[in-house]
Amino acid sequence: VKFLRELSDVCPVVVMRGTPNHDSAEQFATLESTFAGDDSVHIVAEPGVSTYYGYRHGKKIQIACVPGFDRGYYRAKHPGLSKEEENEVFTKAVEDIVMGLKAQCDAGAPTVLVSHFTITGCNMESGQTAFFSQFEPVVYPSTLAAADFDLVCFGHIHRPQQLDGCKNTFYCGAISALNFNDEGQQRGYYIHDIDDSGAVTSTFQQLPTRQYKTIRLKDGDVEALILNAPQDNDGWLLTHEQAEEVKGKIVRVLYDCTDEHNKAFNHAAYENALYRAGAFWVQEITPQKITITVDRRSMDADSTPEGNLADYLV
C-alpha cells in the first residue's frame, strides 16, 4: 500500500491480480477497500477495459486487463475433461477474452494489453522455451497478432524479455532473483513510451538484486583441493578472481569426482573458504556424480561372494 501510494503521486496506477494461488481474493479485497474512492489507484480482479489519463498532459490510454482466473468456474462448465483437454478449453477462453477486449477499445487512443499467462515461445527461467499448452493455459502469438494491441505487458514468467516475432510484447519479469534458475539474469522493469500514433519505445531499467553463483568442480579440481588441504580450521584461501566470483552472492558447489576423493573432500573447510571470500550464503556443497572404483586384485576366483562383498565394503 505504501509503494502504491507513492506511485500514485506520479501517475495513475493499475494493479492487476495475477495467479489466484499467489494473489488471493482476500488480498485484493483488502486493496479494493483500502483504495476505495481513490481515483488514482485502480484494483483489477476481473477482465475489462478502462481508460486512464496522465497527470501532466492528460494524455489518454486504454488498458485491457486479463487477470489470472479461477479454474473451478470453467471446470463446472466443462466437467469430466482431462488435464490436457482442460488446458485447451482454458486457452480458448483466454483467446476469446483477449479478442473481445480489443473489440471494446476505440481508435482514439493507444491500447495496452496486460495479462498473466504463458505466451508460447517465451523463455522460461530455466532457459527452456515454452511451446505447448499441456500444463497450463497459454496465449498464442497468433492471438496477439490478431488482437493487434499497441503494447502487450505480461506477468507470470520470471525472466525479463521482449518476445521475438510478437509486436511490442514484454515480460517484465520478477524484480528480484528467486533461485538458481535466475543465475546470470538481469532484474529490473521496463518503461514504455507510447506516442499518439501508438509507436512504442521501451527501455529496461536494471535493479540491484542478490545474485546466485554455481561453482562446478571436476575430479581434478577436487583432487587439487585435497592436496592443498589446510592444516587448521581456517579453510582454503581462494584466489582474488575466485573471491570476486562469489563475493556477496548465494553460492552452491556441485562436483563430480571419484569415491576416494569424495571421502577426502573437506566440505566444512571449503565452505569456510567461501565465506571468508565474501559469499553471502553457501546453500550447498553437493556431489553430482561419484565414480566408484574397486580394486579387482582383492577379488579372485578362490574368494567367496560373501568375502568379496566384505572386501568391497571395506
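## The sheet

Two strands count as paired here if DSSP finds at least two bridges between them. With that in hand, take a look at this predicted model: its open sheet has 6 strands in the order 3-4-5-8-10-9, and the pairing is mixed. Who sits at the edges? Strand 3 (48–53) and strand 9 (161–162) do, and each has a single partner strand, so one side of each is left without a neighbour in the sheet.

Further in, strand 5 (residues 111–115) runs parallel to strand 8 (residues 151–154), and the two pair over 4 bridges. One spot to find on screen is V112, whose bridge partner in strand 8 is L151.

## A helix on the sheet

Now bring in helix 4 (residues 83–104), which packs on the sheet and touches strand 3, strand 4 (60–66) and strand 5. Its direction makes about 160° with that of strand 4.

## The cores

Which residues have the most contacts inside the largest nonpolar core? They are L113, F149 and F154, in a core of 25 residues. Strand 4, helix 4, helix 5 (141–147) and strand 8 each chip in with at least two residues, and helix 4 gives the most, with 5 residues.

L113 is a good place to zoom in. Leaving aside neighbours within four places in sequence, L113 is in contact with A64, V66, V98, L144, F149, L151, V152, C153 and F154.

There's also a second, separate core, made up of 20 residues. Among them are L217, V251, Y270 and I285.

Methods. Residues numbered from 1 in each chain as written. Predicted model: local features only at pLDDT ≥ 70, side-chain atom pairs only at ≥ 80, totals over all residues. Heavy atoms only, no water. Contact = heavy atoms within 4.5 Å. Axes fitted to C-alpha atoms, helices over the stretch in contact; angles between N-to-C directions. Core = buried A, V, L, I, M, F, W, Y, C linked by side-chain atoms within 4.5 Å. Buried < 20%, exposed > 50% of the residue type's maximum accessible area, 1.4 Å probe, protein only.
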